[in-house]
Amino acid sequence: MNHAPQSFQLLPGAAGSPVILHVPHSSRVIPESVRDGIELDDRALELELDHITDSHTAEIAAAAVEAARIAPWRFVNGLSRLVIDPERFPDEREEMLAVGMGAVYMQTTHRERLRPPGADPRPLIDRYFHPYSEAMAAAVGARLEAVGRAVVIDVHSYPTERLPYELHGDGPRPPVCLGTDDFHTPEELLAHAEEVFAYFGGTGVYSPFAGTYVPLKCYGKDPRVSALMIEIRRDTYMSEPGGAAGPGLISLAASLAGLVDALSA
């Protein structure tokens, strides 16, 4: 494993683009110092990474940049979500604490022990979570300063079959699930996404996952910041649980590029 991996990367797009493709869960990289605090053996850890990683979503975002008329910006997490999950609340507001998966995971996707009981999450939150959150807020702030608005498109994937950690996994599992926020997702943003992804067999909203990512500094405060989560069912573009990508990746990237173009107009 990399001894000093880059925690995150902001990849520039067009100066006039308001769009940031946020890719938080695509990496499998775990620093050795963090690996030491994980109780799984190497084989079990690799299997957990297969299940928990949104494999190939960074490639989908990169291909969308190439296909878009106006290149969006990208903010890509360079570390696995088993280090920290930048999309969780770092406090008691996070509902996933109920299954041991707050900003720092204590349990696996199958509700098994990941870290020792009583492990203190604060060093990881201080080292990785807060700098990530601040950098993402700065990236959004730069788009606001440059073009007067920012649109965060949260790029995820999810497994075809429900995993034990899912709190709301008993509903439909559409090819593309869209997550919104009452404050930050205007109706036209959702409508654009429903249109561009209709080709894949339809979209759903809020099932099996809901919500979308907005930097905490902006959350519920700045209406110039729009956001939408895109959850792509993995069988549409890859072999599960952690296998190779297939031809669906390019088609999905083309649809994502279409969304980017609609939002950049």
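Modeller: Before we talk about Asp120, one cut-off: buried means under 20% relative accessible area, exposed means over 50%, and partly exposed is whatever falls in between. And keep in mind that this is a predicted model.

Colleague: Fine. Why does Asp120 count as partly exposed, then?

Modeller: Asp120 has 39% relative accessibility. That value falls between the 20% and 50% limits, so partly exposed is the label.

Colleague: And its partner Arg122, what makes that one count as exposed?

Modeller: Arg122 comes to 56%, and the exposed label needs over 50%, so Arg122 gets it.

Colleague: How do you know that the side chains of Arg122 and Asp120 meet in a salt bridge?

Modeller: The N to O distance is 3.0 Å. The rule asks for a side-chain nitrogen of Lys or Arg within 4 Å of a carboxyl oxygen of Asp or Glu, so the pair passes. Elsewhere, Asp54, Arg81, Asp85, Arg88 and Arg234 are joined into one network by salt bridges that share partners.

Colleague: How many salt bridges does the structure hold?

Modeller: There are 14 of them. Another one pairs Asp91 with Arg93, at 2.9 Å from N to O. Asp91 has a relative accessible area of 25% and Arg93 has 48%, so both land in the partly exposed range.

Colleague: What makes the contact between Asp50 and Arg28 a salt bridge?

Modeller: The distance again: 2.9 Å, N to O, against a limit of 4 Å. Asp50 sits in helix α2 (residues 42-52) while Arg28 is in the loop between β2 (19-23) and α1 (32-35), so this bridge ties together parts that are 22 residues apart in sequence.

Colleague: Asp50 carries a charge. Why does it count as buried?

Modeller: Its relative accessibility is 18%, and under 20% is buried, so the label follows. Arg28 is at 29%, so that side of the pair counts as partly exposed. Asp50 is listed among the buried residues of α2 along with Leu45, Glu48, Leu49, His51 and Ile52, and this buried set packs against α1.

Colleague: Which elements cover the buried residues of α3?

Modeller: The cover includes β2, β3 (73-77), β4 (150-158), β7 (225-233) and α6 (248-264). The residues being covered in α3 (57-67) are Thr57, Ile60, Ala61, Ala63, Ala64 and Val65. An α-helix has 3.6 residues a turn, so residues three or four places apart point the same way.

Colleague: You mentioned β4. Why is Tyr158 called buried?

Modeller: Tyr158, which is in β4, has a relative accessible area of 0%; buried starts under 20%, so there is nothing to argue about.

Colleague: What is Tyr158 in contact with, beyond its neighbours within four places in sequence?

Modeller: Arg173, Pro174, Cys177, Pro208, Phe209, Glu231, Ile232, Arg233 and Arg234. Tyr158 and Asp54 are 104 residues apart in sequence, yet their C-alpha atoms are 6.9 Å apart.

Colleague: Pro208 is on that contact list. What kind of peptide bond joins Ser207 and Pro208?

Modeller: A cis one, with omega at about 10 degrees. Pro208 is in the loop between β6 (203-205) and β7. That loop holds Tyr206 too, where phi is near 75 degrees, a positive value in a residue other than glycine. Tyr206 is at 45% relative accessibility, under the 50% that exposed requires, so it counts as partly exposed.

Colleague: Where is Pro241?

Modeller: In the loop between β7 and α6. The peptide bond from Glu240 to Pro241 is cis, with omega near 5 degrees.

Colleague: Zooming out, how do you know that the radius of gyration agrees with a compact globule?

Modeller: For 265 residues the globule rule gives a value near 18 Å, and the chain has 17 Å, which agrees. The C-alpha atoms fill a box of roughly 50 × 35 × 35 Å along the principal axes, and 53% of the residues are buried.

Colleague: And how many helices and strands make up the secondary structure?

Modeller: Six helices and seven strands, running β-β-α-α-α-β-α-β-β-α-β-β-α from the N terminus.

Technical notes:
Residues are numbered from 1 along each chain as its sequence is written. This is a predicted model: local features need pLDDT of at least 70, side-chain atom pairs count only at pLDDT 80 or more; totals for chains, interfaces and linings use all residues. Side-chain values use heavy atoms; hydrogens and water are left out. Helices (H or I, at least four residues) and strands (E, at least two) are DSSP runs, numbered from the N terminus. The radius of gyration is taken over C-alpha atoms; the globule rule is 2.2 Å times the number of residues to the power 0.38. Buried means under 20% relative accessible area, exposed over 50%, partly exposed in between (1.4 Å probe, protein chains only). Contact means heavy atoms within 4.5 Å.
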